[in-house]
Amino acid sequence: MTPEETGKAYDTITHLWTRPEFNHESGMRAYKKALSFLPDASLGTFDKAVSERINEDEAQKKVYALDIGCGCTNCFIPIIERTGLTYEGIDVSKDMLLIAASHLPTHTFYHDDICTFTLSKPYLFISAWDSFWHIPLTQQEPLLRKLVRHLADEGVLLLSCGGTDESGQHTNEVMGPKVYYASLGLHRYLEILIDEGCFVRHVEFDQHPELHAVIMVQKRNV
């Protein structure tokens, strides 16, 4: 499935995330831990090398976070913004974003495919919670490298993924429509991130025995 097809599939099941019984605490512990690795000194301004990539006046005002596959709940936004970061979300589901933006109309949400989306600024924090596995298998490595290259020095990437031993892909209809899942395998994700100059800060199977892996890495300050 293409990301566009995945977005249309999620358009048909947005109600699953708006139910009163939806667990808004899912992933919260991981976000809090990942954000704790951010250097306090970096939350006021970027270093000189990063500032040169964007308008210097803007760099002094805002430090950005990008939430990939942000969905409609907006549940991670408060803890991200409490660190001083300016939040941006991106999702392939139009209906998910309509709900998100209706509650937070002044926030920035992009309806786009992160694989082809042009990242125009560096981010101090990038997260992809339960979304990266919907990326086509052949596009996962290029995307992962692109994300790290748009992290500011000492920036943190939080990724949840299929913690499999080997790469693979499949579809299922557990939620109703057909949805695609893929994983490069946990070892390969770590290889790529280390190759891109990241320190591994935390790896966890947080829903054991399910193969739900959480990876937190921090970009080297070079």
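Q: What is a salt bridge here, and how many does this predicted model hold?
A: A salt bridge is a side-chain nitrogen of Lys or Arg within 4 Å of a carboxyl oxygen of Asp or Glu. The model is predicted. By that rule, the count comes to 11 salt bridges.

Q: Which residue forms a salt bridge with Arg29?
A: Arg29 sits in helix H3, residues 28-36. Its partner is in strand E8, residues 198-205, and the two are 175 residues apart. Arg29 is exposed, with a relative accessible area of 55%. The closest N and O atoms are 3.0 Å apart, and the partner is Glu204.

Q: Is Glu88 buried or exposed?
A: Glu88 lies in strand E2, residues 86-91. Buried means under 20% relative accessible area. Glu88 has 4% relative accessibility, so Glu88 counts as buried.

Q: Which residue pairs with Glu88 in a salt bridge?
A: Look to the loop between strand E3 (108-111) and strand E4 (123-128). The partner there is 33 residues from Glu88 in sequence. The closest N and O atoms of the pair are 3.0 Å apart, and the partner is Lys121. At 12% relative accessibility, that residue is also below the 20% cut-off, so buried is the class of Lys121.

Q: How far apart are the closest N and O atoms of Glu196 and Arg149?
A: Glu196 lies in the loop between H9 and E8, and Arg149 in helix H8, so the salt bridge ties together parts 47 residues apart in sequence. Glu196 is buried at 14% relative accessible area. Arg149 is exposed at 52%. The closest N and O atoms of this pair are separated by 2.7 Å.

Q: Which residues are linked with Glu196 and Arg149 in a network of salt bridges?
A: Glu196 and Arg149 form a salt bridge with each other. Both belong to a network of salt bridges. The other members are Glu141, Arg145, Arg188, Glu191 and Asp195.

Q: At what angle do helices H8 and H9 pack?
A: Two packed helices are described by the angle and the distance between their axes. H8 covers residues 137-149 and H9 residues 186-195. Their axes are 10 Å apart, and the crossing angle is about 35 degrees. The hand of the crossing is right-handed.

Q: How many residues in the contact of H8 with H9 are charged?
A: H8 brings Gln140, Glu141, Leu144, Arg145 and Val148 to the contact. H9 brings Arg188, Tyr189, Ile192, Leu193 and Asp195. The contact residues divide into five nonpolar, one polar and, for the charged class, four.

Q: Which residues have the most contacts inside the largest nonpolar core?
A: This core has 34 residues. Strands E1, E4, E5, E7 and E9 each give two or more residues to the core, as do helices H8 and H9. Ile215 touches residues including Leu157, Leu186, Tyr189 and His202. The residues with the most contacts inside the core are Ile114 and Ile215.

Q: How many residues make up the other core?
A: Another core lies apart from the largest one. Its members include Ala30, Cys70, Ile80 and Val214. The count for this core is 27 residues.

Q: What distance separates the C-alpha atoms of Glu4 and Arg149?
A: Glu4 is in helix H1, residues 3-11. Glu4 is exposed, at 55% relative accessible area. Along the chain, Glu4 and Arg149 are 145 residues apart. Their C-alpha atoms are separated by 24 Å.

Methods. Residues numbered from 1 in each chain as written. Predicted model: local features only at pLDDT ≥ 70, side-chain atom pairs only at ≥ 80, totals over all residues. Heavy atoms only, no water. Axes fitted to C-alpha atoms, helices over the stretch in contact; angles between N-to-C directions. Helix = DSSP H or I, 4+ residues; strand = E, 2+ residues; numbered from the N terminus. Left-handed = near helix turned anticlockwise from the far one by under 90°. Contact = heavy atoms within 4.5 Å. Nonpolar A, V, L, I, M, F, W, Y, C, P; charged D, E, K, R; others polar. Buried < 20%, exposed > 50% of the residue type's maximum accessible area, 1.4 Å probe, protein only. Core = buried A, V, L, I, M, F, W, Y, C linked by side-chain atoms within 4.5 Å. Lists of a residue's contacts leave out its neighbours within four places in sequence.
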